[in-house]
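Trainee: Could we go through this one together? I'd like to know how each label is earned.

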Amino acid sequence: MALREPAWRTFAAELNAALQEERGTTERAATYLLSPYGARMNRVLLAGTLSSPETIGKDPSQPFWRTRLVDPTGTIPVTAGAFQPRAMAQLQAVPGPRTAMVVGKVHLYRGNDGTAYISVRAEGFRTIDEATLRGIYADALAQSLDRLDLVQKLVGDPTLADDRFDGRPAAWIRAARESALRYPTADRPGYRAALRAVLEVVEGTRAVLPPASPAAAEVRVVPAEPSIPPPRTAPSAEERAQESTFLDLLDELVDNSSDGYADLKELVQRLAEHGMSSEMAEALLDRLGEEGVVEEPIVGRLRRA
Amino acid sequence: MVEAPLTNEPGEVRLKDLRAGDVPVHIVARVVSVERREYTRPADGRRRPFLAGLLSDGTASVRFTWWDPPLNEEIGRGTILRAQNVQVREYQGRPEVSFSFRTRVAPAGPADLPKVDSSDVPFRTISELRGRSEGFRLEARVVRVAPKTVTVGAEQRQVHEGILGDGTGLLAFSSWSDFHLTPNEAIRIAGAYVRTFRGRPQLVLDEASIVARIDPGRLPSIESLQPSEPQSLAKLEAAGGSEWAVVEGIVVALLPPSGLVYRCPTCQRPVAGGLCTEHGSVQGMADLRARLVLDDGRGTVTMNVGRPATESLWGVTLNEALERLRRSPDPSLLESSLAEEVVGLRLRARGRVFPDDFGLNLYPESVERVGVDVPARARELRARWEGDRGAP
């Protein structure tokens, strides 16, 4: 099940402290940014002051806009290009600075010297008033503290079982474990202290103002093990023969059906007549499905992909 | 069916005890659902009829296939059969039965079914009922119930749909027999079974089910069985949906098709190219809808919002949307305008939540804009901040 990625409630400081990227190996896999605060983010929701947008790039057929979002913890670039037409139109529409909420995907660009540049590719904007901003900060602060607590506990005792964090999303526990592992020396009490500015904005004792330029975080990074996909052994002659029997019978059933699909149960029955057990047939179906030869768009109904 | 009525012979197996194997068995069961189908042999194109459906004897339900069934006899929902020399197979870890030319099938009566009411079957709680189950008793309170008319084949039937609760969870039910259920009463149910409907368990009651009123004091109050506070979307995702949930979050996206849509005047299905998939060429009726993605930072849910809620969130009525379309004939402008208006809104919604391949779908009974009590949240966060500082 490819669930939609939730928009992690976060702040500029967390994004700027995140240096670890996780790329999926499968086709169209999502990319995640792992933060020392215990988030494994693909999509984020941020709020703050957006500066005037500027266009970058010279090609007028490939418009690309950039702006900066400032929150009580720091600054983060926000971009929108031709692939986000609605976000781009909304970004261009307001020339001056404004208070806004941004939903978008995190993007990590690593320069030649290895420096990481994090930005957010906007999918949606909304201009908001100060009360709404403080509401969003209240959520984001509570969730950030929850996540920091989780990582801190796991740094203290990495063997703690998942059920010790009852009520926390499974995705958070997983992210916290990885975060504890990959950022062993991150200054988490320092991150927590920096969130005081957010608390004061929620309380109304601090104005929503751009902060002084944040100090670069000192973080030691343990590089991720490169994940190698398991080697695929070439199918044997016997497996090839089974595959061709499978596909021949599939084609027969498809030809004789009114809707262009072969019934899985019928196919398994026919294969049994050819001496193939239902387990073997299922395994074969899995393999052919993975290889993209056969598909099952309706449960129990098969066709050639 | 075969000529001589068979007597109650030894060796009769209850459906819950069926195991796949070479030994043919003897069963007595009631047809729960049945469909007449045909298999075409690819080799010579010969057609072979069969019946496929579900059998139940009150202890369990199993799928059945009946090859070359009698043509002139009515085998339908409710028919009770006695079958000897039945082959048992296993499919996806569940036993299935198949009637071949070797199987002797004869009509039977309710008295021939295994006696399974009262003390014979165990009590289950709602949280224990997952997937296909049968042969249990359940004590629960009716949280809501309403009649509904459905078309089954050529026939109009009334079904009573609702929700039961027992403190361990909520369970949707649909009753094909009228037990005169009313909200808030406490009941004990035997002879019902659980099937999966849109990825959620659903309790089905029919003529064979037994419903008894029990002391309502033994169950949690109806108020406590209904959700009132929003629950985390991550928890809802982990639970695979809910019969009745309250959720709260920020709208992070508007998914197509949203905005102005055209529906078949008969069945309300969306019309594509002037064609309804059921009713052919039709004059589509204009309607408004919005598919919103609600996000609470932990998980997401897609909400399918109908016309009244779309109008109120957008601030544009259907007639105004049509008028805008006449002025600038580009429907995507309408969708963009709707997106600008709804993305970023904080909403609270309640309704039924079903899972699918892309996550959860909520069919809202109510959708409302909500604000945040910022001073209260600030006090909460301050207390937590001070508490954390004191902690080691």
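**Contacts, cores, sheet and domains**

Mentor: Let's start with A:Val102: leaving aside neighbours within four places in sequence, A:Val102 is in contact with A:Leu46, A:Leu69, A:Val78, A:Val120, A:Ala122 and A:Phe125. Keep in mind that this is a predicted model, where local features need pLDDT of at least 70 and side-chain atom pairs count only at pLDDT 80 or more, while totals for chains, interfaces and linings use all residues. Residues are numbered from 1 along each chain as its sequence is written, and chains are lettered from A and ligands numbered from 1 in the order in which they are written.

Trainee: What makes A:Val102 and A:Leu46 count as in contact?

Mentor: Two residues are in contact if their C-beta atoms, placed from the backbone, lie within 7 Å. A:Leu46 is on the contact list of A:Val102, so that pair meets the cut-off.

Trainee: Why is A:Val102 said to be in a nonpolar core?

Mentor: A nonpolar core is a set of buried Ala, Val, Leu, Ile, Met, Phe, Trp, Tyr and Cys residues joined through C-beta atoms within 7 Å. Buried means 20 or more other C-beta atoms within 10 Å of the residue's own (exposed is 12 or fewer, partly exposed in between; C-beta atoms placed from the backbone). The largest core has 93 residues, and A:Val102, A:Tyr137 and B:Val342 touch the most other members. Helix α3(A) gives the most to this core, with 10 residues. A second, separate core has 22 residues, including B:Leu129 and B:Ile189.

Trainee: Which element of chain A gives the most to the side that touches chain B?

Mentor: There, 36 residues of chain A are in contact with 31 of chain B. α3(A) gives the most to chain A's side, with nine residues. By class, that side has 21 nonpolar, five polar and 10 charged residues. Ala, Val, Leu, Ile, Met, Phe, Trp, Tyr, Cys and Pro count as nonpolar, Asp, Glu, Lys and Arg as charged, and the others, Gly among them, as polar.

Trainee: How do you know that β12(A) and β13(A) pair?

Mentor: DSSP has to find at least two bridges between two strands. β12(A) and β13(A) have three, in the antiparallel sense, so they qualify as a pair. Strands here are DSSP runs (E, at least two residues; helices are H or I, at least four), numbered from the N terminus. The open sheet runs β11-β13-β12 in chain A, with antiparallel pairing. β11 (262–263) and β12 (294–298) of chain A each have a single partner strand, so one side of each lacks a neighbour in the sheet.

Trainee: Where do the domain bounds in chain B come from?

Mentor: From an automatic or database domain assignment. For chain B, that assignment gives domain 1 (15–111), domain 2 (119–220) and domain 3 (233–369).
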